Amino acid sequence: MGTFLLLMAEASAVGSDLAEEAGHGGFSLNTDIFDTNLINLAIIITVLLVFGRKVLGNTLKTRRDTIETAIKNAEQRAASAAQQLKEAQQKLEQATAEAERIKQAAQENAQAAREAILAQAAVDIERLQAAGAADLNADLDKAIAKLRQSVVAQALQKVESELKSGIADDAQQILIERSIAQLGGEV
């Protein structure tokens with residue numbers, strides 16, 4: 001502090017001397033304390049140190065308290081954030097486990113549905129094969145019935161044509177004997 005006052009006094013003196021010398025044309029030091037305002041500066045600096053120390057001390061104390069409060073708040077927020085992070089990680093683990101369980105259940109359901117569909121498809125195939133076989137048998141029976149009708153119709157037509165043309169006597173005799181033999185009689 002003393003160095004500061006000394007430097008101030010010298011700077012003031014040099015400034016005054018320069019102003020005075022500018023008028024005289026030379027360079028010299030002004031050693032007049034009143035002319036250089038050294039006393040005024042000393043009083044102002046003393047007043048600032050005496051009264052300013054309390055104000056500056058109070059300001060610094062307030063600033064220090066504010067900083068301490070801010071640090072405590074930041075630490076509390078950090079602890080709260082760490083707790084929230086921990087809770088979020090637990091929730092994530094639970095959600096991951098739940099997702100895995102749902103995925104497993106979906107795979108099991110898909111497998112069961114696949115097996116049920118395959119079983120139903122097998123039953124449907126057997127039913128369709130049975131229906132196809134029944135339809136085929138019905139069509140075969142219809143075809144056989146038509147063939148029989150056709151054969152019977154042709155046989156009747158042939159018999160009618162032969163009856164119209166007449167049967168030879170010996171053929172008639174053979175036919176009568178055969179009919180009687182089938183009936184169990186003797187000729």
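**Note on a three-helix predicted model**

1. Ile39 has a relative accessible area of 35%, so this residue counts as partly exposed. The label follows from the cut-offs, because buried means under 20% and exposed means over 50%, with partly exposed in between. The structure is a predicted model, and the values below should be read with that in mind.

2. Ile39 sits in helix 2, which covers residues 38–165. Ile39 also belongs to a nonpolar surface patch of about 450 Å², together with Ile43, Val47, Val50 and Phe51. A patch residue needs over 30% relative accessible area, and Ile39 has 35%.

3. The UniProt record, an unreviewed entry, places a "transmembrane region" at residues 37–56. Such annotations may be inferred rather than shown by experiment. In the model, residues 37–56 are 95% helix and 0% strand. The C-alpha atoms at the two ends of that span are 26 Å apart.

4. On the overall fold, the protein chain contains three helices and zero strands. Read from the N terminus, the order of elements is α-α-α.

5. How much of the protein chain counts as buried? The figure is 4% of its 187 residues. The protein chain exposes about 15,800 Å², and carbon and sulfur atoms supply 62% of that area.

6. Confidence varies along the protein chain. The mean pLDDT is 82, and 78% of the residues reach 70 or more. Helix 1, residues 2–24, has the lowest confidence, with a mean of 61, while helix 2 has the highest, at 89. The salt bridges described below are in helix 2, including the pair Asp65 and Lys61.

7. The structure holds four salt bridges, and three of them are taken up here. One of them joins the side chains of Asp65 and Lys61, with an N to O distance of 3.8 Å. This pair counts as a salt bridge because the limit is 4 Å. Asp65 and Lys61 are four residues apart in helix 2, about one turn of the helix. Lys61 is exposed, because its relative accessibility is 51%. Asp65, at 34%, is partly exposed.

8. Another salt bridge links Glu98 to Arg101, and their closest N and O atoms are 2.4 Å apart. Both residues lie in helix 2, three residues apart, which is about one turn of the helix. Glu98 is partly exposed at a relative accessible area of 36%. Arg101 also counts as partly exposed, at 49% relative accessibility; the label "exposed" is kept for values over 50%.

9. What separates Arg127 from Asp124 along helix 2? They are three residues apart, so about one helical turn lies between them. Arg127 and Asp124 form a salt bridge, with the closest N and O atoms 3.7 Å apart. Arg127 counts as exposed because its relative accessibility is 52%. Asp124 has 24% and therefore counts as partly exposed.

10. To sum up, the protein chain has three helices and zero strands, and 4% of its residues count as buried. Helix 2, where confidence is highest, holds Ile39 of the nonpolar patch and salt-bridge pairs such as Glu98 and Arg101. Helix 1 is where confidence is lowest, at a mean of 61.

Key: Residues are numbered from 1 along each chain as its sequence is written. This is a predicted model: local features need pLDDT of at least 70, side-chain atom pairs count only at pLDDT 80 or more; totals for chains, interfaces and linings use all residues. Side-chain values use heavy atoms; hydrogens and water are left out. Patches are made of residues with over 30% relative accessible area and no salt bridge: like charges are joined within 9 Å, nonpolar side chains (Val, Leu, Ile, Met, Phe, Trp, Tyr) within 5 Å. Accessible areas come from the Shrake-Rupley method with a 1.4 Å probe; for residues, only the protein chains shown count as cover. Buried means under 20% relative accessible area, exposed over 50%, partly exposed in between (1.4 Å probe, protein chains only). pLDDT is the predictor's confidence in each residue, from 0 to 100.
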